[in-house]
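Work through the exercises below with the coordinates open. Each task is followed by a solution in steps.

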2 protein chains.
Amino acid sequence: MRRIDLEKAETARASTMRDINRKIVLNYVRDRQPISRADIARATALQRSTVSTIVEHLRHDGLVEEIGSGESSGGRRPTLLQLRAEGVLAVGVDVAPTLTTIVTSDLNGQIRDRREFPTSSNAEKMTESIIETVKDMRRRGDARRMAGIGVSLPGLVDAASSEALYIPYFGWRNWKIGKHLHDATNLRVVVDNDANAAALAELWFGIAHAEAERDVMRDFIMVIVAEGVGTGIVFDGQIYRGERGAAGEFGHMVIGSGAPSTCSCGNRDCWEAFASGRAAVARYEKLREGKQRRSVKQSDNKNNNGDEVEMSLTHIIDCALDGEQSAITALQETARYLGIGISNLIVGFSPESIIIGGALTRAWSLIESQLQETVERSVRRGLPSSRIAASSLGDQPTLMGALSLILARKFATSTAA
Amino acid sequence: MRRIDLEKAETARASTMRDINRKIVLNYVRDRQPISRADIARATALQRSTVSTIVEHLRHDGLVEEIGSGESSGGRRPTLLQLRAEGVLAVGVDVAPTLTTIVTSDLNGQIRDRREFPTSSNAEKMTESIIETVKDMRRRGDARRMAGIGVSLPGLVDAASSEALYIPYFGWRNWKIGKHLHDATNLRVVVDNDANAAALAELWFGIAHAEAERDVMRDFIMVIVAEGVGTGIVFDGQIYRGERGAAGEFGHMVIGSGAPSTCSCGNRDCWEAFASGRAAVARYEKLREGKQRRSVKQSDNKNNNGDEVEMSLTHIIDCALDGEQSAITALQETARYLGIGISNLIVGFSPESIIIGGALTRAWSLIESQLQETVERSVRRGLPSSRIAASSLGDQPTLMGALSLILARKFATSTAA
DNA sequence: GAAGCTTTGTTTTTAGTTCAAACAAAGCTT
DNA sequence: AAGCTTTGTTTGAACTAAAAACAAAGCTTC
């Protein structure tokens, strides 16, 4: 039950009807491939004749293809259909504090080409490197099929204007990466915050997609824990962006006071100040009190390159996985506060699940029980408790997220009406 | 850009097209009344002929009527259309801790009939009283036009089964008010949490509706502050309910420790424990230290009738409005913590605005600046700050909410596709 | 005040899409 | 081999909105 937005609502005409049904059929092919026309007709309650004409269109557009016939169930054998994955290439650009990864993938999210280089703290240099890499991939690949470039950034992004408003890690402001990339390549460019992008990837390529039996998750929150803490909210199968695209900054919610580190916004009582990689580093340092081999700058100036801080979270996780007690303690204490924030989200949203991504997930085995326990204790009794899980997208959910910014467009319905 | 829910998606047929366009036209009539067919055609880009046939249907259904002709702009005079408000009657039941209000209204939300009685702490007695009142209203009114009964409750509600899972104020559990009301009246019954209901009212009958120029708010959060703290989330013109309808319990998010009162869930670090009417009462008591005329039970047992606690918030507000300093201080201190929670919501959602409702709003003039200031200080610099406003629905937003549960259905699009 | 222009609303025809039913193709069962 | 089942296509009907023509009613201007 939703209120119509009269400013944006589009009236239905014959083409609307067609577009809706084509999208539905395309999604059935994607989700249940291989599948026959008759199966689609049964599942959608469309007539077989209608499905046939729709499939004909989809084949003509190069999105669907026949792959021979299946087993007979007592009559004519069905003709099986699947996505024509090679029909579309997407480019994904994942800018993380230390490493920038650029890949191309097909419609199924299968990666075709991959490049990596260290992220520079100089925004102009980054713009150049990204453009160069994409151009090179284009030369070597099939440029005609490139549908667009998705860019995932660790900061505040205005998705509408494809502009990075503020990247705290490097202190970049108003980085117009979207415009630059578009001018250089003439491709569609979509830019978003890393947590939003990862949430989108989880929605379209995550757990639910893998386990065909389970329903697709449509309400969940993605929490990216690395240098900072970012959140991406998925509501009713859709990313929630809020005014000026600034939603999903739950990392800055107040959960107490006297945090071990400062937040990227300067406060000391944000969730991020308690539960980020930076917080873990601060705890580890305090535990080792001067004994630590590697000195770590407390980042309070913008524009510090900060590689050491990021390295340190990686380092702590390494030590913890090696069994070093103070590293384990630092991580578990961080996980406890992570749990408090997650409890807040669960209590407020009652989502189907909370998905954790980012550098911290490498220590998942060490922190999972602490996390579960904290949430268990904090969530109000009687309320349904949501599942908490590490991202199913491997170690780079944000990279998959960058691709999803382009790929999801091919299957999603428009926002109108 | 949303992912299609294949389990629920309905394919488009001719009737889908018709239904969409009828809803759009109906909403134009509602929002811009009086309006002519030609104006609707211009605004929607539908052909005048199409608008004519749609309006014919809407008139036949008794939802729209002609009210004479308007001014000519150089040609034939337009025939003006408006909602036929008497076509539909809705019943709204607002169960608040002290008072239960039952009203009927027309399609425009104009109240026609009104009854009130003190809320009893006995659930069965309440069921009876409500049924009796509705039946009586039905006898005296035009029963044929009654479209349904909306019920707003201060607690955890499963909207799908129309059952109150838990009403902390009275300790009621699994109160099947929906089923009982439906069995007794054979009308459609919709039950929801008070904050959700009030949010729905704000969406359909709130500020934006009154000021025709401004865009309709489609992303905001309703915060109801009375005995406890409840939140209703509106996202993309739609109430967000979450798993098992348990969303919107941000009152139980952790924002610190050592609150002046306990939360209805028993914890002492929930937002509600810092910012509810109960918290204000505790602060006031402490400030007056035994001097207060009226002793107030600290409610920690369920099933305490608790009228006195609710009376006390009213009482404190009265005193504060009379200029009593300790009452003012207690309220402002409460407002400060209210502000912290609101900051969290703003930072996380970046909604267009936060709307405050409930008993506390009577003290709006005393707390507004404190609230604004706290939020100003807490919200991260650079992020857009949302507007904070008292509900525009008078002193009973939840009553309007109860009506909206039925009325909104007449104009809203279905969730499908 | 009459002719011509403008605006509104209706009527008629056309086009696009799905539905429904019949048909053709291909395989299983007995 | 006959009959049944299943799949996919063909053909015509039904529904809806678009487009164009028309009718009604008012304004403007000479």
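**Exercise 1. Two helices at an angle**

Task: determine the hand of the crossing of H1(B) and H2(B), and describe how the two helices pack.

Solution. The model is a predicted one.
- Step 1. The crossing of H1(B) and H2(B) is right-handed.
- Step 2. Helix H1 of chain B, residues 14–32, packs against H2(B) at an angle of about 120°, and their axes are 11 Å apart.
- Step 3. Angles from 65 to 115 degrees count as roughly perpendicular and those over 145 as roughly antiparallel. H1(B) is therefore oblique to H2(B).
- Step 4. From H1(B), B:Ile24, B:Val25 and B:Tyr28 meet B:Ile40, B:Ala43 and B:Thr44 of H2(B).
- Step 5. By class, the contact of H1(B) with H2(B) holds 5 nonpolar residues, 1 polar and no charged.

**Exercise 2. A second helix pair in chain B**

Task: classify the packing of H6(B) and H13(B), and list the residues that make the contact.

Solution.
- Step 1. Helix H6 (residues 194–205) and helix H13 (residues 397–411) of chain B pack at an angle of about 70°, with axes 7 Å apart.
- Step 2. H6(B) is therefore roughly perpendicular to H13(B).
- Step 3. H6(B) contributes B:Asp194, B:Ala197, B:Ala198, B:Leu200, B:Ala201, B:Glu202, B:Trp204 and B:Phe205 to the contact. H13(B) contributes B:Pro397, B:Thr398, B:Met400, B:Gly401, B:Ala402, B:Ser404, B:Leu405, B:Leu407 and B:Ala408.
- Step 4. The contact of H6(B) with H13(B) divides into 12 nonpolar, 3 polar and 2 charged residues.

**Exercise 3. Relating the two chains**

Task: find the operation that lays chain A on chain B, then describe the contact between the chains.

Solution.
- Step 1. A turn of 180° with a shift of 0.0 Å along the axis lays chain A on chain B with an RMSD of 0.1 Å.
- Step 2. This is the relation of a two-fold axis.
- Step 3. The same surface serves both copies, as 100% of the contact residues of chain A recur in chain B.
- Step 4. Chain A gives 69 residues to the contact and chain B gives 69 residues.
- Step 5. On the side of chain A that touches chain B, the elements giving two or more residues are helices H1 (14–32), H6 (194–205), H11 (325–349) and H13 (397–411) of chain A. H1(A) gives the most to this side, with 9 residues.
- Step 6. This side of chain A has 33 nonpolar, 20 polar and 16 charged residues.

**Exercise 4. The surfaces near the DNA**

Task: which residues come nearest to DNA strand C, and which to DNA strand D?

Solution.
- Step 1. There are 31 residues around DNA strand C, and B:Ser49, B:Ser52, B:Gly75, B:Arg76 and B:Thr79 come nearest.
- Step 2. The elements giving two or more residues to the surface near DNA strand C are H1 and H3 (48–60) of chain A, and H2 (37–44) and H3 (48–60) of chain B. H1(A) gives the most to that surface, with 5 residues.
- Step 3. The surface near DNA strand C has 7 nonpolar, 17 polar and 7 charged residues.
- Step 4. Of the 30 residues around DNA strand D, those that come nearest are A:Ser49, A:Ser52, A:Gly75, A:Arg76 and A:Thr79.
- Step 5. Two or more residues of the surface near DNA strand D come from each of H2 (37–44) and H3 of chain A, and H1 and H3 of chain B. H1(B) gives the most here, with 5 residues.
- Step 6. The surface near DNA strand D divides into 6 nonpolar, 17 polar and 7 charged residues.

Key. Residues numbered from 1 in each chain as written. Chains lettered and ligands numbered in written order. Predicted model: local features only at pLDDT ≥ 70, side-chain atom pairs only at ≥ 80, totals over all residues. Least-squares fit on C-alpha atoms with pLDDT ≥ 70 in both. Contact = placed C-beta atoms within 7 Å. Helix = DSSP H or I, 4+ residues; strand = E, 2+ residues; numbered from the N terminus. Nonpolar A, V, L, I, M, F, W, Y, C, P; charged D, E, K, R; others polar. Near = placed C-beta within 6 Å. Axes fitted to C-alpha atoms, helices over the stretch in contact; angles between N-to-C directions. Parallel < 35°, antiparallel > 145°, perpendicular 65-115°, else oblique. Left-handed = near helix turned anticlockwise from the far one by under 90°.
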